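The following paragraphs go through the sheet and then the helix pairs. Please keep the sequence and the model in view while reading.

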Amino acid sequence: MSTVIYPSPIFGPVHSRRLGLSLGINLMPADGKVCTFDCIYCECGLNAQRRPRQHSPSREQVATALEAQLRQMHADGVCPDVLTFAGNGEPTVHPDFPAIIGDTILMRDRYCPEARISVLSNGTQILRPAVHAALMRVDNNIQKLDTVNLDYIRRIDRPTGRYDLEAIVEALAAFGGHVIIQTMFMRGTDAAGIDVSNTSETYVGPWLEALRRICPQSVMIYTVARETPISSIAKASPAELDGIAERVRAAGLTCSVAY
């Protein structure tokens with residue numbers, strides 16, 4: 001079982017495969033996971049195994065900790081490439097998420113104006129107007145879309161509430177290009193021994209059609225890099241990732257790959 005649980009509300013900086021030197025902002029409790037997905041590949045483990053006892057940090061706690069860290073990094077002459085909302089679950093479920101984004105922008109402009117603000121999200125909250133508006137304010141609005149096959153999403157990403165795939169795709173398109181799509185490709189089997197690969201045409205073709213509808217500013221494709229709760233999940237091969245990336249680029253979209 002995966003055992004990665006991040007400090008809260010600030011962790012790092014860490015070197016990200018996709019974003020550079022990243023200072024993490026974790027809006028979830030420090031002792032567990034709060035997420036609207038329960039992905040079988042999540043490095044933080046399954047939701048039932050990581051139920052927190054602590055509360056999420058308040059807006060004030062986030063602002064105080066972030067400013068202290070940025071002030072120290074500024075004094076040390078170190079500037080993060082990115083301030084990344086990530087950690088132990090889905091950041092946009094925090095009740096003060098829009099206000100925290102505003103606070104973060106102010107502190108970024110004061111201490112490290114060249115840094116970008118990124119949000120790593122599973123997309124489940126983007127139908128909420130306040131969340132949509134907040135995400136329009138960040139530099140990198142990174143939203144997960146592993147597939148457009150609802151059966152696969154229910155089996156692999158496992159939404160914890162109602163999940164309207166068509167509404168999510170429409171909401172992603174409603175960002176007007178101010179969105180980065182992030183997709184996990186993998187191989188192997190789930191706990192029941194059922195194939196979890198989403199690299200075949202069955203999954204890739206419809207996903208590409210959705211990307212054409214969404215018209216994102218870029219696409220990030222990646223594969224398993226850390227321990228997963230189910231050990232039979234495996235990496236997609238570099239050849240598979242490269243082949244998918246070339247199809248994305250052939251569709252006129254920018255695509256990066258993390259192996």
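Two strands are said to pair if DSSP finds at least two bridges between them. Helices (H or I, at least four residues) and strands (E, at least two) are DSSP runs numbered from the N terminus. This is a predicted model, in which local features need pLDDT of at least 70 and side-chain atom pairs count only at pLDDT 80 or more, while totals for chains, interfaces and linings use all residues. Residues are numbered from 1 along each chain as its sequence is written, and side-chain values use heavy atoms, with hydrogens and water left out.

With these terms, Thr 84 stands opposite Ser 118 in E4. The two strands concerned, E3 (residues 82-85) and E4 (residues 116-121), are paired in the parallel sense by four bridges. They belong to an open sheet of eight strands, ordered E1-E2-E3-E4-E5-E6-E8-E10, with mixed pairing. At its edges lie E1 (10-16) and E10 (255-258), each of which pairs on one side only. On average, neighbouring strands of this sheet are turned by 25 degrees against each other, direction ignored.

At the E1 edge, E1 and E2 (residues 20-25) run antiparallel and are joined by five bridges. Val 14 has Ser 22 in E2 as its bridge partner. The connection from E1 to E2 is a hairpin through three residues.

Next come the helices. Axes are lines fitted to C-alpha atoms, for helices over the stretch in contact, and angles run from 0 to 180 degrees between N-to-C directions. Contact means heavy atoms within 4.5 Å.

The axes of H1 (residues 59-75) and H2 (residues 97-111) come within 10 Å and cross at roughly 15 degrees. H1 and H2 are therefore roughly parallel, a label for angles under 35 degrees (over 145 is roughly antiparallel, 65 to 115 roughly perpendicular and the rest oblique). Among the H1 residues that meet H2 are Val 62, Leu 66 and Leu 70, and the H2 side includes Ile 100, Met 107 and Tyr 111. The contact of H1 with H2 has eight nonpolar, two polar and six charged residues; Ala, Val, Leu, Ile, Met, Phe, Trp, Tyr, Cys and Pro count as nonpolar, Asp, Glu, Lys and Arg as charged, and the others, Gly among them, as polar.

A second pair is formed by H6 (residues 201-214) and H7, whose axes come within 11 Å and cross at roughly 30 degrees. This angle makes H6 roughly parallel to H7. From H6, residues including Trp 207 and Leu 211 meet Ile 244, Arg 247 and Val 248 in H7. Six nonpolar, one polar and two charged residues make up the contact of H6 with H7.
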